[in-house]
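I wanted a first look at this structure, one feature at a time. Here is my notebook.

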Amino acid sequence: MSQYPPFSRYETGAASARVRDQLQRLRRQMRDQAILDEATARLATELNIRPVEAAEQLARMARHSGLAPIEVARGIERPSEEAGGPLDVPVWVRGMLEAVHASALYLTPVHDATGRVVDFLILAANRHARTVAGRTAAELAGQRLMAASPGVAGSGLLDDYIAVYESGEPVHREALEFVEVLDHLLWPATLSVRAARVDDGLLVSWRPLDDEELLVAGWERAQRLAELGWGEWNLATERTLWTPQMYEMLGRDRSDGPMSLEELPASVVPDDLPIVEEHLRSLLEHREAVENEFRIQHRHGVRHLCVYGEPILDTDGVPVKVRFLVQDVTRNRRRERALAVAHEALSQRRRAEEEHDVTVRLQDTILPFRRGLIQMPGLTIGVRYLPGEELVRLGGDWFKARHLPDGRVLLAIGDAMGHGLTAASLMIQMRAGLAGLAYTGASADQLATWLNDLIVHSGQGVTVTGTAIIGHFDPEERTYRWTNAGHPAPVLIRDGRARLLDPAPGLMLGAFDVTEYDLTTTRLEPGDFLILYTDGIVERRGQDMAARMDALIQAAHFCCGDDPEEVIACLLKRLGGEAAEDDVCVLAVRVL
């Protein structure tokens with residue numbers, strides 16, 4: 001019993017109504033297209049220009065009139081047909097046309113003012129001549145080609161005829177999907193069309209394909225679309241028949257003819273030879289139909305072929321023929337590989353997003369305060385922390401501002417190298433470790449040495465590193481005693497001028513087991529601004545670091561004021577920090 005409920009009459013009727021609506025919309029579109037195509041041909045005939053130029057003229061008319069192109073097209077009338085004298089048709093032309101047992105015309109060129117061929121005049125038509133729309137020889141003779149058969153423009157036949165006339169090379173369009181346009185109606189047909197230059201004109205013939213030819217043409221198109229080929233090997237006569245697609249799939253030149261069964265293994269990828277041998281054994285020895293997939297070495301690379309083989313047996317059960325139906329499934333296999341890669345990429349992205357979520361929670365837990373003002377003895381500190389734009393770029397930037405029991409203020413900023421959980425975990429170690437060590441009362445250089453030892457011995461066999469500025473501000477002396485562990489130097493803004501402080505050099509944290517750091521003392525004055533920052537504010541992909549540091553100094557010259565938050569906002573705006581790829585952390589410390 002089916003798991004799906006039966007369709008009710010109402011559901012079936014509604015589905016049919018939807019299909020009917022779609023068809024009606026499509027037919028309206030076809031009718032509108034017929035009107036546009038016919039108007040283009042009429043305009044080209046009237047103005048003696050080529051169809052593409054007529055289409056441009058129609059578009060200009062629509063723009064100037066303010067009407068839709070379809071409305072303008074409806075107003076273009078058929079060019080008047082001036083009565084002329086009888087056509088002077090050479091006897092040899094009439095004889096040539098009557099020898100053609102299909103619809104045939106003899107065309108002479110129509111030139112524009114510059115001498116270009118823009119159309120053709122139908123000088124004569126044979127008695128078989130009949131257009132797709134039903135116009136006969138008597139109605140065609142003496143007409144301009146585009147006026148008599150506007151479909152030649154849209155189908156590309158007019159361009160072919162002009163090329164044949166100018167080059168002298170004949171053309172044969174087999175199974176041409178031709179759409180005639182007449183009286184605002186479309187007349188589709190599948191034609192076989194030939195054109196050749198004869199003297200100073202063209203001999204053109206056409207005929208509609210019959211049902212059998214349409215089926216054959218349809219099968220050939222199906223083979224091309226589905227990449228199917230068919231072959232038959234006669235085992236007695238050694239005669240082989242191949243469809244054209246077989247040559248393409250097996251990478252063989254048609255002039256060489258089909259390959260024999262004995263030659264087939266030579267074109268197979270060596271790893272797949274056992275599959276081919278078993279395939280032929282099933283056909284020839286076991287006399288069974290078989291289906292396999294194997295790869296062949298094609299001139300354009302390796303191709304995957306799915307092969308359905310069957311033996312044709314005589315009355316005694318002996319194979320006399322072998323037939324193959326072959327499908328090229330290379331694109332399918334590439335698509336499957338691409339889907340597998342995409343699936344793996346999606347899985348990796350999901351894992352990265354999960355890691356990102358954990359990292360964000362860690363950062364929110366450790367650094368809940370991300371912007372605003374902090375008041376400390378002798379200082380007002382502006383803070384701004386911005387996570388990176390990209391998920392995978394979320395880093396380990398951190399800062400610490402704390403009033404210590406001995407009266408000093410711990411001011412530190414750092415960056416754990418890397419991104420994601422690794423950087424966030426290292427950031428936690430550095431920040432938490434520094435917070436505990438700072439209560440010993442030790443100087444900044446000693447804190448950096450201890451912090452390096454902590455990171456080195458907690459890496460569990462994995463090298464982890466980070467950079468930091470660690471210092472103490474003494475409110476009474478207004479001094480900042482600090483050490484640099486491989487971090488960008490602070491910027492001092494005094495009296496509207498900015499400069500980089502020159503620290504004693506120091507290695508980044510975690511790089512070596514034993515490291516000592518030097519202490520730098522910077523005297524500060526009321527109104528000074530000390531800018532501590534991480535490299536996310538200055539680093540940009542593809543830009544020189546020295547130039548970016550110069551840009552930071554230039555920005556600091558313009559970002560003076562009394563409000564630390566306004567100073568930070570100014571710096572970020574001038575340096576593009578709001579859209580930085582990496583994390584950005586900035587402290588603007590104002591000395592009171």
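These entries go through sheets, cores, a long-range pair and rings.

**Entry: the model**

I am working from a predicted model.

**Entry: a five-stranded sheet**

I started with the strand order. I read it as β7-β6-β10-β9-β8, an open sheet of five strands. The pairing is antiparallel. Which strands stand at the edges? I found β7 (240–242) and β8 (290–298) there. Each has a single partner strand, so one side of each lacks a neighbour in the sheet. I noted the twist too: it averages 25° from one strand to the next.

Next I looked at what packs on the sheet. Helix α11, residues 273–284, does so. I see α11 touching β8, β9 (301–313) and β10 (319–328). The direction of α11 makes about 140° with that of β8.

I then followed β6 (residues 228–234) to β7. Three bridges join these antiparallel strands. Here G231 stands opposite W242 of β7. I met W242 again among the rings: W242, W233, Y247 and F324 form one aromatic cluster.

**Entry: the nonpolar cores**

How many residues does the largest nonpolar core have? I read 40. The residues with the most contacts inside this core are L105, L107, F120, L145, Y161 and L202. Helix α8 (residues 157–167) gives the largest share of the core, six residues. As background, I recalled that nonpolar side chains tend to be buried together in soluble globular proteins.

I picked F120 for a closer look and set aside its neighbours within four places in sequence. The contacts of F120 include L107, L145, Y161 and L202. I also listed T108, P109, V110, Q143 and R144 as contacts of F120. L158, I162 and Y165 touch F120 as well.

Another core lies apart from the largest one. I noted that this other core has 24 residues, among them M376, Y385, L524 and L587.

**Entry: V383**

I found V383 in strand β12, residues 379–386. Is V383 buried or exposed? Its relative accessibility is 1%, so V383 counts as buried. I then checked V383 against I568. The two are 185 residues apart in sequence, yet their C-alpha atoms are 7.9 Å apart in space.

**Entry: β17 and its partners**

I moved on to β17 (residues 491–494). Four bridges join β17 to β18 (residues 497–500), and the two run antiparallel. R494 stands opposite R497 of β18. The hairpin of β17 and β18 has two residues between the strands. In this hairpin I noted a positive phi near 55° for D495.

β17 also pairs with β20 (residues 529–533), in the antiparallel sense and over three bridges. Across this pairing I placed L492 opposite L530 of β20.

**Entry: rings and charges**

How many aromatic pairs are there? I counted six. One of interest to me was Y480 with W482. Their ring centres are 6.3 Å apart. Why is the pair called stacked? The planes are at 15°, so the pair falls under the 30 degrees cut-off for stacking. Both Y480 and W482 are buried.

Last, I looked for charges over rings. The charged end of R197 sits over the ring of Y165, 4.1 Å from the ring centre. Y165 was already in my notes as a contact of F120. I also found the charged end of R574 over the ring of F558, 4.5 Å from its centre.

Terms used. Residues numbered from 1 in each chain as written. Predicted model: local features only at pLDDT ≥ 70, side-chain atom pairs only at ≥ 80, totals over all residues. Heavy atoms only, no water. Pairing = 2+ DSSP bridges. Axes fitted to C-alpha atoms, helices over the stretch in contact; angles between N-to-C directions. Contact = heavy atoms within 4.5 Å. Core = buried A, V, L, I, M, F, W, Y, C linked by side-chain atoms within 4.5 Å. Buried < 20%, exposed > 50% of the residue type's maximum accessible area, 1.4 Å probe, protein only. Phe/Tyr/Trp six-rings, centres within 6.5 Å; stacked < 30°, edge-to-face > 60°. Lys NZ or Arg CZ within 6 Å of the ring centre and 35° of its normal.
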